[in-house]
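This report looks at selected local features of one protein model, with attention to backbone angles, the burial of side chains and an annotated domain.

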Amino acid sequence: MDDSWIRHAPFFEGLSEEVIGPALIHLVSRTHPSNQVILLENDWGGSVYFIVDGYVKIRTYNLEGREVTLNILGKGELFGEMAALDEVPRSTDVITLTPTVIGSMPSQDFVTLLHTEPLAGVRLSQLMARRLRQVNRRLRLRESDSQSRVADTLLFLAEGQGKQGTSGTEIPNLPHRELSSLSGLARETVTRVLTRLEKKGLIKRDHDFICIPNISALEKMIV
């Protein structure tokens with residue numbers, strides 16, 4: 001398996017080859033089509049997963065049965081670590097958004113790595129702190145206007161999945177239903193706000209990406 005994805009994995013940042021090699025010895029890679037369920041809420045977990053290529057969404061359902069997207073993860077990111085650590089069933093579903101290659105590591109190998117390599121524990125703590133900070137920010141904006149919420153959703157994706165392109169920061173051009181679920185707005189509202197932001201020159205859209213020419217300018221749209 002091509003191991004270039006490790007360079008995109010914050011969890012492995014700073015770990016030596018002598019540490020990474022043995023940790024990945026039992027990693028099994030599989031290719032999944034779009035819209036395939038990888039994990040289901042309340043399943044028991046025996047593996048931790050790393051995204052080699054592609055995107056997945058982390059979802060749950062609210063009390064009314066409406067789907068809520070909690071996060072979008074891409075190349076180099078991991079999921080399934082919570083069930084491995086506290087040995088309880090999965091708390092969310094994970095579904096592919098694109099054709100995706102995922103590597104699965106036995107939970108015991110993951111836990112052993114944390115026990116034997118302090119830096120791995122630091123990286124995991126940093127990852128969990130970043131995700132908690134992102135959730136807190138989004139919760140604070142739940143009562144804001146639609147423009148603020150869509151802008152924040154785009155900035156949220158830029159922080160997690162943004163890549164620097166020739167014209168600005170590029171994020172995946174997700175279906176509007178996914179942006180709707182992330183922002184908590186109706187899909188039609190998301191479509192209108194995106195059109196408005198594009199007319200103002202704050203975003204540029206093509207088939208695969210949304211480009212944000214100026215992150216600071218988009219941040220100013222949040223009130």
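What follows describes one helix and its surroundings, then two loop residues, and then the annotated span.

The model is predicted. In helix H3, which runs over residues 107-116, the buried residues are Ser107, Phe110, Val111, Leu113 and Leu114. These residues lie on the same side of H3, because they cover an arc of only 155 degrees around the axis. An α-helix has 3.6 residues a turn, so residues three or four places apart point the same way. On the other side of H3, by contrast, Gln108, His115 and Thr116 are exposed. The cover over the buried residues of H3 includes both helices and strands, namely helix H1 (17-23), E3, helix H2 (81-86), strand E8 (100-106) and helix H4 (118-140).

Most residues other than glycine have a negative phi. Against that background, the table lists two asparagines with a positive phi, together with the loop in which each is found.

| Residue | Phi | Loop | Relative accessible area |
|---|---|---|---|
| Asn35 | about 60 degrees | between strand E1 (28-32) and strand E2 (37-39) | 56% |
| Asn42 | near 80 degrees | between E2 and strand E3 (47-53) | 56% |

Asn35 is exposed, with a relative accessible area of 56%, and Asn42 likewise counts as exposed at 56%, since exposed means over 50%.

An unreviewed UniProt entry places the feature "domain: HTH crp-type" at residues 144-216. In the model, this span is 53% helix and 16% strand, and the C-alpha atoms at its ends lie 19 Å apart.

Note on methods
Residues are numbered from 1 along each chain as its sequence is written. This is a predicted model: local features need pLDDT of at least 70, side-chain atom pairs count only at pLDDT 80 or more; totals for chains, interfaces and linings use all residues. Side-chain values use heavy atoms; hydrogens and water are left out. UniProt positions are given in the numbering used here, feature names are shortened, and annotations may be inferred rather than shown by experiment. Helices (H or I, at least four residues) and strands (E, at least two) are DSSP runs, numbered from the N terminus. Buried means under 20% relative accessible area, exposed over 50%, partly exposed in between (1.4 Å probe, protein chains only). The arc is that of the directions from the helix axis to the C-beta atoms. Contact means heavy atoms within 4.5 Å.
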